[in-house]
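Q: Hey, could you help me look at the charged side chains in this one? I'd like to go through a few of them together.
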Amino acid sequence: MSDVNLKSKENIQNSNAQQSQNLPKKEGGDSNVIEFENVSKIYQKDIKAVENVSFKISIGEFISLVGPSGAGKSTLIRLLTAEEKPTSGRIYVAGRDITQLKKNELPFYHRKVGVIFQDFKLLPRKTIYENVAFALEVADATNDEIADKVPKIIEIVGLTGRINAMTEELSGGEKQRVSIARALVHNPKLLIADEPTGNLDPVSTWEIIELLFKINRQGTIVLLASHDKEVVDTLERRVISMREGKIISDQEKGKYIL
């Protein structure tokens, strides 16, 4: 393991010790931001992608979502991003049932949920600046807002010196940082990372995980879907394990269950 890899991993472990003392406490009101209540998603031919799933997520949590292929993780994420509606059950985000959102309300909801993917989904033949700016342009941000916000977001992900680099010039780790920057432009309350390190080398993997921790420390909920046992076990955070559409384990300081 390289020195950079070890340093990032040690930073995460040190952060665990510090942040466990600083998690928001529930005082009076309900601290749950997200709640799945008996949620099922059944496709044609009685395929139960998600079956009677219930869990809650509170302010400031960093959660790993794990399970084998076909366990229901991707379906659960699509339900949380309101790309799909459940067959039954309710999904509450900040007290509102998102299964009841109208079509014209979805764009506003999506701006509060950042999503990053394994395959980056960047615009080709565009610079880092242009890729991040695009997320604001489609939301009708003004030129002044874009000029003010984009450099700040790019600084957060550590790419200021590469701001004018083209997509094709970037390493895998840099591409994922741009993807994260784009997901952050609307200050989301929830950041969903769907296998964000699946295509990365070990050094870049730990750098991205450390960046997700940095974002989480600012108060953003992070939901990390991952097959990487070493990453999940090192995080020492809550782990929700799925199999055959069901939650089989939900541990506060969990490990990857094979």
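A: Happy to! This is a predicted model. Let's start with Lys-48, which is partly exposed, its relative accessible area being 44%.

Q: Which residue does Lys-48 form a salt bridge with?
A: Its partner is Glu-51, and the closest N and O atoms are 3.7 Å apart. That counts as a salt bridge because the cut-off is within 4 Å.

Q: And is Glu-51 buried or exposed?
A: Glu-51 is partly exposed, with a relative accessible area of 24%.

Q: Why would side chains like these pair up at all?
A: Side chains of opposite charge can pair when their charged atoms come close.

Q: OK, how many salt bridges are there?
A: The count comes to 12 salt bridges.

Q: Cool. New topic: what is Glu-84 doing?
A: Glu-84 forms a salt bridge with Arg-78, and their closest N and O atoms are 2.7 Å apart. Arg-78 is partly exposed, at 27% relative accessible area.

Q: Which residues are linked with Glu-84 in a network?
A: Lys-41 and Arg-78 are linked with Glu-84 in a network of salt bridges.

Q: Last one: how far apart are the closest N and O atoms of Asp-233 and Lys-229?
A: They are 2.6 Å apart, and the two residues form a salt bridge.

Q: Where do those two sit?
A: Both are in helix H8, which covers residues 229-235. They are 4 residues apart there, so about one helical turn separates Asp-233 from Lys-229.

Q: Buried or exposed, that Asp-233?
A: Asp-233 is buried, with a relative accessible area of 13%, while Lys-229 is partly exposed at 36%.

Key:
Residues are numbered from 1 along each chain as its sequence is written. This is a predicted model: local features need pLDDT of at least 70, side-chain atom pairs count only at pLDDT 80 or more; totals for chains, interfaces and linings use all residues. Side-chain values use heavy atoms; hydrogens and water are left out. A salt bridge is a side-chain nitrogen of Lys or Arg within 4 Å of a carboxyl oxygen of Asp or Glu. Buried means under 20% relative accessible area, exposed over 50%, partly exposed in between (1.4 Å probe, protein chains only). Helices (H or I, at least four residues) and strands (E, at least two) are DSSP runs, numbered from the N terminus.
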